[in-house]
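Let's take a walk through this fold together, one piece at a time. Keep the structure open beside you as you read.

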Amino acid sequence: MPELPEVETVRRGLAPAMEGRVIDRAEVNRPDLRWPLPEAMAARLTGARVTLLRRRSKYILADLSTGESLLIHLGMSGRMLVSGVMLGDFHLDHPAAQKHDHVVLHMEGGARVTFNDARRFGAMDLVRTDREAAHWLLSGLGPEPFGNDFHEAYLIEALKSRKSPIKTALLDQHVVAGLGNIYVSEVLFRAGIDPRRAANRISAARLAALVPLIREVLSEAIEAGGSSLRDHRQADGELGYFQHSFRVYDREDEPCPSCGTPIKRIVQSGRSSYFCPACQK
């Protein structure tokens, strides 16, 4: 599932085509994705101006002039693709319609934004902007990693009584929003912390050091366009490249870049964890 860097990369790619522009026409080609789509969705989107495009955790939010926000979750295979506009040095012509083009937004100025999702694990909803914090997908989320509410004292307090492994604790979206399996593995390697270590058995100094490392890893991934392991594409259809910078993730039995010890893979809460048994304690 896309993590914060992939979602932020898509948001940035969509902004030139959507932000400040009117949705001239919305096509909704099926009644549901992972969950039912909102009632009269096409009519509620058509004619609305996108005033701001934001990200909250792993969700994209398009604020509309109607007082609603379009909430977009890419799921495991969803893609938001832009065509008919100039992006950098490339003009992206409109491709032929595809079988899994479930929602299509025809934007003012000629751009087309298409939500394509072969497995329909993604989701869309319309929510009143002034009530979005109470939406069931957003209400339990912790602070944003780049926000002022996420700081050393907060993380120490949030984890000091948690007996679960530190990897599991950092994946908890109530603790910090947007982190996923890939980037937690990379953060813990840089911190030298074994993913199996109980969160409440890690010193305050080591927990505090995780905050800048989380921001560092996420920033590097965003600049690289995210990680393309399976389905992720940027809004212009290009792959992300951060997977070429992985130090431990998906590198089982390969040498640790710091000491040469083979990278180990274990399963925690149904997810693969990768770490160096020599460097991470």
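Which residue in strand 12 stands opposite Arg 265? Tyr 274 does. Please keep in mind throughout that this is a predicted model.

## The hairpin of strands 11 and 12

The pair Arg 265 and Tyr 274 belongs to a ladder in which strand 11 (residues 264–268) and strand 12 (residues 271–275) are joined by 5 bridges and run antiparallel. Another pair in this ladder is Lys 264 with its bridge partner Phe 275 in strand 12.

The hairpin has 2 residues between its strands, and Ser 269 takes a positive phi near 50 degrees there. Strand 12 is mostly covered, with 4 of its 5 residues buried. Strand 12 will come back when we look at what covers helix 5.

## The sheet 2-3-4-10

Now turn to an open sheet of 4 strands, in the order 2-3-4-10, with antiparallel pairing. At its edges are strand 2 (50–56) and strand 10 (123–128), each pairing on one side only. From one strand to the next, the twist averages 20 degrees.

Within this sheet, strand 2 pairs with strand 3 (residues 59–64) over 6 bridges, in the antiparallel sense. To find your place in that pairing, look for Arg 54, which stands opposite Leu 61 in strand 3. Helix 1 (residues 4–18) lies across strand 2 and strand 3, and runs at about 175 degrees to strand 2.

## The sheet 1-8-9-5

A further open sheet has 4 strands in the order 1-8-9-5, again with antiparallel pairing. Strand 1 (23–28) and strand 5 (78–83) are at the edges and have a single partner strand each, so one side of each lacks a neighbour in the sheet. Neighbouring strands here are turned by 15 degrees against each other on average, direction ignored. Helix 1 has a place here too: it lies across strand 5, strand 8 and strand 9, running at about 35 degrees to strand 5.

Strand 8 pairs with strand 9 (residues 112–117) over 5 bridges, in the antiparallel sense. A good residue to pick out is His 106, found in strand 8 (residues 101–107), whose bridge partner in strand 9 is Arg 112. Is His 106 buried or exposed? His 106 counts as buried because its relative accessibility is 18%, and the cut-off for buried is under 20%. Leaving aside neighbours within four places in sequence, His 106 is in contact with Val 22, Ile 23, Asp 24, Arg 25, Glu 27, Ala 111 and Arg 112.

## Helix 6 and its two packing partners

Two packed helices are described by the angle between their axes and the distance between the axes. Take helix 3 (residues 152–159) and helix 6 (residues 204–223): their axes come within 8 Å and cross at roughly 125 degrees. That angle makes helix 3 oblique to helix 6, and the crossing is right-handed. On the helix 3 side, Glu 152, Leu 155, Ile 156 and Leu 159 take part, meeting Ala 204, Leu 207, Ala 208, Leu 210, Val 211 and Pro 212 of helix 6. By type, the residues of this contact are 9 nonpolar, no polar and 1 charged.

Helix 1 also packs on helix 6, at an angle of about 40 degrees and with the axes 9 Å apart. This makes helix 1 oblique to helix 6, and the crossing is right-handed. Here Leu 4, Pro 5, Glu 8, Thr 9 and Arg 12 of helix 1 meet Leu 218, Ala 221, Ile 222 and Glu 223 of helix 6. The residues of this contact divide into 5 nonpolar, 1 polar and 3 charged.

## Helix 5 under cover

How many of the 11 residues of helix 5 (residues 181–191) are buried? The count is 10, so the helix is mostly covered. The buried residues are Asn 181, Ile 182, Tyr 183, Val 184, Ser 185, Glu 186, Val 187, Leu 188, Phe 189 and Arg 190.

The cover over these buried residues includes helix 1, helix 4 (166–171), helix 6 and strand 12. Just after helix 5, Gly 192 takes a positive phi of about 70 degrees.

Conventions
Residues numbered from 1 in each chain as written. Predicted model: local features only at pLDDT ≥ 70, side-chain atom pairs only at ≥ 80, totals over all residues. Heavy atoms only, no water. Pairing = 2+ DSSP bridges. Axes fitted to C-alpha atoms, helices over the stretch in contact; angles between N-to-C directions. Parallel < 35°, antiparallel > 145°, perpendicular 65-115°, else oblique. Left-handed = near helix turned anticlockwise from the far one by under 90°. Contact = heavy atoms within 4.5 Å. Nonpolar A, V, L, I, M, F, W, Y, C, P; charged D, E, K, R; others polar. Buried < 20%, exposed > 50% of the residue type's maximum accessible area, 1.4 Å probe, protein only.
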